[in-house]
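Student: I am new to this structure and would like a close look at a single part of it. Could you pick one part and walk me through what surrounds it?

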Amino acid sequence: MVAKEDASGFLHDLRFDQERQNDRSALVLLALLNLSPDDEWEAASNPSMRTVDIMAWIRDKHDVNYKPNTRETIRRQTLHQFIQAHLVIENPDEPDRPINSPKWCYQVTDEALQLARRIGTADFDEALAGYLQLRPGLEEMYRREREMHQIPVCLPDGADLTLSAGGQNDLMKAMIEGFCPRFLPGGNVMYVGDAGSKWLIFDEQGLATLGVTVDSHGKMPDLVVYLQDRNWLVLMEAASSHGPVDHKRHIELSDLFANSNAGLVFVSCFPDLPTMRKYLTSISWETEVWTADNPTHMIHFDGEKFLGPYSDC
C-alpha cells in the first residue's frame with residue numbers, strides 16, 4: 001500500500017528540501033508514478049502527463065481537488081524542482097515542443113522509476129546510494145540532450161546565442177540573422193525575448209541611456225535593436241504564434257518606450273507571406289512588415305516614409 005507519507009519519505013531520501021516533501025509534492029510524485037493508494041511500489045510506471053492530467057489524477061485517486069489557479073504553484077514549486085534534480089524530464093515524446101504548447105508534459109526518468117519500484121525491498125538502500133552517485137552523470141546527460149535541441153543564433157556583432165527550441169524561435173533566428181544584417185547593419189541588439197527565458201538578452205543600461213526604463217512587468221517586443229548612426233530604436237514582433245504590431249500593440253509599445261530619445265520603428269515579422277495574409281487587415285499603419293521567406297524585401301504600411309520613425313512616436 002502506498003500513502004503520500006511514503007512518497008514524502010522517498011523525496012526525503014532523494015535529498016529534496018522540506019517544501020518538496022510536502023503533501024502537494026508527494027501527490028504529484030505519486031501521480032507521475034501512476035500509483036493509487038491501493039497499489040504497491042513495485043507497480044509504479046512512468047506515463048507522460050500534463051499538469052492538468054496530474055491534477056485530475058490526484059483528484060480522482062486521492063480525493064484532493066486542487067483548484068485550477070494552483071496549476072502554476074504545482075509547476076513552479078514542485079515540477080520545476082523535480083526537473084532540476086532530474087527526477088523528472090519534460091516532453092520525452094517531443095523534446096523541441098513549443099513552451100506554450102498545451103501538450104507540454106512530464107515523465108519520471110527511467111532511473112528514478114527503477115529506484116521507486118525497489119522501495120520496501122532489502123536492496124533499496126544500496127540502490128538509493130547507487131542512484132545518488134549516478135545522478136550527477138544523469139544531470140550532464142540530460143543537459144546535453146537539452147542543448148541538442150536548442151537553436152544556435154549568431155548576433156550581428158558575431159557573438160553566439162542559443163534559443164530554446166520550438167515556438168516562435170525559428171522565426172527569431174531568421175529575424176536576427178536575416179533581417180538585421182540587411183536592414184539594420186551595425187545595429188546593437190538590446191533585447192531578445194526567448195520562448196523559454198523572456199529576458200534572454202536585456203541591455204538595461206544601454207536602454208536607460210536612451211531614456212527607456214522598463215521592468216519585468218513591461219510587455220516587451222520580441223526583439224529590440226538600436227541603430228546608432230540613425231538614432232533609431234527598432235521594435236520587432238515575431239508574429240508566428242502571436243499577432244503583429246496592430247493598432248493596440250502600437251499604442252502599448254509607444255507608451256512603453258515613450259521616453260525614448262531615439263526614434264521608434266515598428267516591424268512585424270512573419271515566417272512567410274501566407275501567415276502575413278491572415279493578419280493583413282490588423283497590421284497598424286506607420287509600421288513595417290518583413291517575411292522570412294522573402295528576406296530581401298519589406299512591406300511598408302504607409303506612404304510618407306519607409307523604415308523610419310515618425311515625429312509623434
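Tutor: Here is a walk around helix α2, followed by a short visit to some other places in the chain.

Please keep in mind that this is a predicted model. Helix α2 covers residues 23–32, and nine of its 10 residues are buried, which leaves the helix mostly covered. If you want to find the buried ones in the sequence, they are Arg 24, Ser 25, Ala 26, Leu 27, Val 28, Leu 29, Leu 30, Ala 31 and Leu 32.

What covers them? The buried residues of α2 pack against three helices, α1 (4–13), α3 (51–62) and α4 (71–84), and against two strands, β1 (88–90) and β2 (106–108). Just beyond the helix, look for Asn 34, which follows α2 and has a positive phi, near 55°.

One neighbour sits in a loop. Tyr 66 lies between α3 and α4, and its contacts include Asp 23, Arg 24 and Leu 27. Tyr 66 is also in contact with Met 55, Ile 58 and Ile 74, again leaving aside neighbours within four places in sequence. The C-alpha atoms of Tyr 66 and Ala 56 are 8.5 Å apart, with their positions 10 residues apart along the chain.

Now let us widen the view. In soluble globular proteins, nonpolar side chains tend to be buried together. Here the largest nonpolar core has 43 residues, and Phe 10, Leu 29, Leu 32, Leu 33, Trp 41 and Leu 87 are those with the most contacts inside it. At least two residues of this core come from each of α1, α2, α3, α4, β2, α5 and α6 (124–148). Our helix α2 gives the largest share, seven residues.

Phe 10 is a good place to see this core from. Not counting residues up to four places away in sequence, Phe 10 touches Leu 29, Trp 41, Ala 112, Leu 115, Ala 116, Ile 119 and Phe 124. There is also a second, separate core of 26 residues, and among its members are Leu 163, Val 225, Val 267 and Trp 290.

For a contrast with the buried residues of α2, turn to Glu 111, which is found in helix α5 (residues 110–116). Glu 111 is partly exposed, with a relative accessible area of 26%. Its C-alpha atom is separated by 10.0 Å from that of Val 88, 23 residues away along the chain.

Further along the chain there is another enclosed element, strand β8 (residues 232–238). Seven of its seven residues are buried, so the rest of the structure largely encloses this strand. Trp 232, Val 234, Met 236 and Ala 238 point one way, while Leu 233, Leu 235 and Glu 237 point the other way.

Strand β8 has partners too. Strand β7 (residues 223–227) runs antiparallel to β8, and five bridges join them; across this pair, Leu 223 stands opposite Met 236. Four residues lie between the strands in this hairpin, where Asn 231 takes a positive phi near 55°. Strand β9 (residues 263–270) runs parallel to β8, with seven bridges joining the two. In β9, Val 265 is the bridge partner of Val 234.

Our last stop is Asp 302, in the segment after β11 (299–300). Asp 302 counts as partly exposed, at 29% relative accessibility. Leaving aside neighbours within four places in sequence, Asp 302 is in contact with Trp 285, Glu 286 and Tyr 310.

Technical notes: Residues are numbered from 1 along each chain as its sequence is written. This is a predicted model: local features need pLDDT of at least 70, side-chain atom pairs count only at pLDDT 80 or more; totals for chains, interfaces and linings use all residues. Side-chain values use heavy atoms; hydrogens and water are left out. Buried means under 20% relative accessible area, exposed over 50%, partly exposed in between (1.4 Å probe, protein chains only). Two strands pair if DSSP finds at least two bridges between them. Contact means heavy atoms within 4.5 Å. A nonpolar core is a set of buried Ala, Val, Leu, Ile, Met, Phe, Trp, Tyr and Cys residues joined through side-chain atoms within 4.5 Å.
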